[in-house]
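Q: Could we go through the ligand site in this entry together? Please show the sequence and structure before we begin.

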Amino acid sequence: MQKHLIVTEDGSHTLFVPDLNEHYHSTHGAINESVHVYIHAGLKQQTNESINILEIGFGTGLNAYLTLCETIQNGQHIRYVSLEKYPLSEAEYSGLNYAARIFPAYQEHFLQIHRAPWNIPVDITPQFQLLKVQADLISYRFPESDKFDLIYFDAFAPDKQPEMWDNEVLEKIAKTTRQEGIFVTYCAKGIVRRNLASLGFLMERLPGPPGKKEILRGRKI
Ligand SMILES: C[S@@+](CC[C@H](N)C(=O)[O-])C[C@H]1O[C@@H](n2cnc3c(N)ncnc32)[C@H](O)[C@@H]1O
């Protein structure tokens, strides 16, 4: 996939994929969006000392980096599993300005996250273990025993990649979510909300980041 580096309205970068006519983040602010959706509406709702996180779409590593930086501030222990079908090249990730704009003291961790090998768990810090899985979500089978407390569902939008939001795919995610686990996404589509509700999530519509009216959060009941 060809990608172009774009500066969003908060000054942070995102990538644009011409073939899909789609950005990796909101053009109103990539960092603003990730902090709002995944850190505030997701991570900060899970107050356990140890949390198992599943991300769909590792992409630029922004969510992983923000999550790691939070653990340094708050002392939580995180196992972070992230699925990605199309990993970025070094040339693509090394141009991203996230660490220069937020938590610059942890710049090295941003690079460590990207340089970590695929499909092997790596302790990036004593509190943050990363497992990047190079896989296609559509065909991927989650290990039966792996249950997650928090899901960051950050796939391309349903109108660009409908197969990622299919009920069968969401059902796999529901099965790998622990009871009381939280699912968050920037997507606010009614069909996604209703499908997740039918899979056992108690769904909420929350105010979105700049440029977006609402986002979705579900709690597995
Ligand atoms: C909206 S982007 C967001 C990525 C990331 N969370 C970030 O902040 O940069 C969606 C990501 O899903 C990945 N993706 C697309 N199809 C996939 C598939 N079938 N399985 C796993 N990942 C996929 C894309 O390559 C891209 O990195």
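Q: Which atom of the ligand does a polar side-chain atom of Thr60 lie 2.6 Å from?
A: An oxygen atom of the ligand is the partner of that Thr60 side-chain atom, at 2.6 Å; a polar contact here is a pair of N or O atoms within 3.5 Å, and within protein one must be able to donate a hydrogen and the other to accept it, while residues adjacent in sequence count only if both atoms are side-chain atoms. The model is predicted, so local features need pLDDT of at least 70 and side-chain atom pairs pLDDT 80 or more, while totals for chains, interfaces and linings use all residues. Residues are numbered from 1 along each chain as its sequence is written, and side-chain values use heavy atoms, with hydrogens and water left out.

Q: And what does the side chain of Asp154 contact?
A: An N or O atom in the Asp154 side chain is 2.7 Å from a nitrogen atom of the ligand. Of the area that the ligand exposes when taken alone, 590 Å², the protein buries 99% (Shrake-Rupley method, 1.4 Å probe).

Q: What about Gly57?
A: Gly57 contributes a polar backbone atom, 2.6 Å from a nitrogen atom of the ligand.

Q: Changing topic: is Asn52 buried or exposed?
A: Asn52 is buried, at a relative accessible area of 10%; buried means under 20%, exposed over 50% and partly exposed in between, with a 1.4 Å probe and protein chains only.

Q: Which backbone oxygen does its side chain reach?
A: The Asn52 side chain reaches the backbone oxygen of Lys147 at 2.9 Å.
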